[in-house]
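Subject: The structure I promised you

Hi there,

Here is the structure we talked about, ready for you to open. Have a look at it on screen first, then read my notes below.

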Amino acid sequence: MIRVVLPAHLRTLARVEGEVELRVAAPATRSSVLDALEAGYPVLRGTIRDHVTHQRRAFLRFFACGQDLSHDPPDDPLPEAVTRGEEPFLIIGAIAGG
């Protein structure tokens, strides 16, 4: 079971509170997690990544185990702590400004 933490605006859109738990076949990748998230919550399709290209939306970032995974290839395996459910996969709204 993979735990996913969504930013507040996407939690509101999906009508969920707290973390989302997803079943993802091994090996779990960013792409497979987002596929499962969009299948379980169709209202999120196109909000995290583009419908056609599947590229990450500009103001969203992906983190796991204290690492920024935003620029890693989408089919790279996620850290084992995430696949075991020990650590969440974080989708964070990017912050600009200083």
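Below are my notes on the sheet, some backbone oddities and the main pocket.

Before you start, keep in mind that this is a predicted model.

Let's begin with the sheet. In general, the strands of a sheet pair through backbone hydrogen bonds, and they can do so in a parallel or an antiparallel way. Here you have an open sheet of five strands, and the pairing is mixed. If you walk across the sheet, the order is 2-1-5-3-4. Strand 2 and strand 4 are the edge strands, as each of them pairs on one side only. For a pair to zoom in on, try strand 1 (residues 2-5) and strand 5 (residues 89-93), which run parallel and share two bridges. Within that part of the sheet, Val4 sits opposite Phe89 of strand 5.

Next, the backbone. Look for the peptide bond between Ala26 and Pro27: this one is cis, with an omega of about -5°. You'll find Pro27 in the loop that links strand 2 (20-22) to helix 2.

Two residues also have a positive phi without being glycines. One of them is His54, with a phi of about 60°. His54 belongs to the loop between helix 2 and strand 3 (60-64). Is His54 buried, exposed or partly exposed? Its relative accessibility is 43%, and since partly exposed covers the range between 20% and 50%, His54 counts as partly exposed.

The other is Cys65, where phi is about 55°. Cys65 is in the loop between strand 3 and strand 4 (67-68). With a relative accessibility of 33%, Cys65 also counts as partly exposed.

Finally, the pocket. Rolling a probe the size of a water molecule over the atoms shows where empty space is left. The largest pocket in this model has a volume of about 160 Å³. How many residues line the largest pocket? There are 13, and those nearest the centre are Arg30, His54, Gln55, Arg56 and Pro74. So His54 turns up again here, as one of the residues nearest the centre of the largest pocket as well as one with a positive phi. Helix 2 (residues 30-40) gives the largest share of the lining, with three residues. By type, the lining has five charged, five polar and three nonpolar residues.

Have fun exploring, and write back if anything is unclear.

Cheers

How values were computed
Residues are numbered from 1 along each chain as its sequence is written. This is a predicted model: local features need pLDDT of at least 70, side-chain atom pairs count only at pLDDT 80 or more; totals for chains, interfaces and linings use all residues. Side-chain values use heavy atoms; hydrogens and water are left out. On a 1 Å grid over the protein atoms alone, a cavity is a set of points where a 1.4 Å probe fits but cannot get out, and a pocket is an open set with protein on both sides within 12 Å along at least five of seven lines; lining residues have an atom within 4 Å of a point. Grid points are joined across faces, edges and corners, and a volume is the space filled by probe spheres set on the points. Helices (H or I, at least four residues) and strands (E, at least two) are DSSP runs, numbered from the N terminus. Ala, Val, Leu, Ile, Met, Phe, Trp, Tyr, Cys and Pro count as nonpolar, Asp, Glu, Lys and Arg as charged, and the others, Gly among them, as polar. Buried means under 20% relative accessible area, exposed over 50%, partly exposed in between (1.4 Å probe, protein chains only). Two strands pair if DSSP finds at least two bridges between them.
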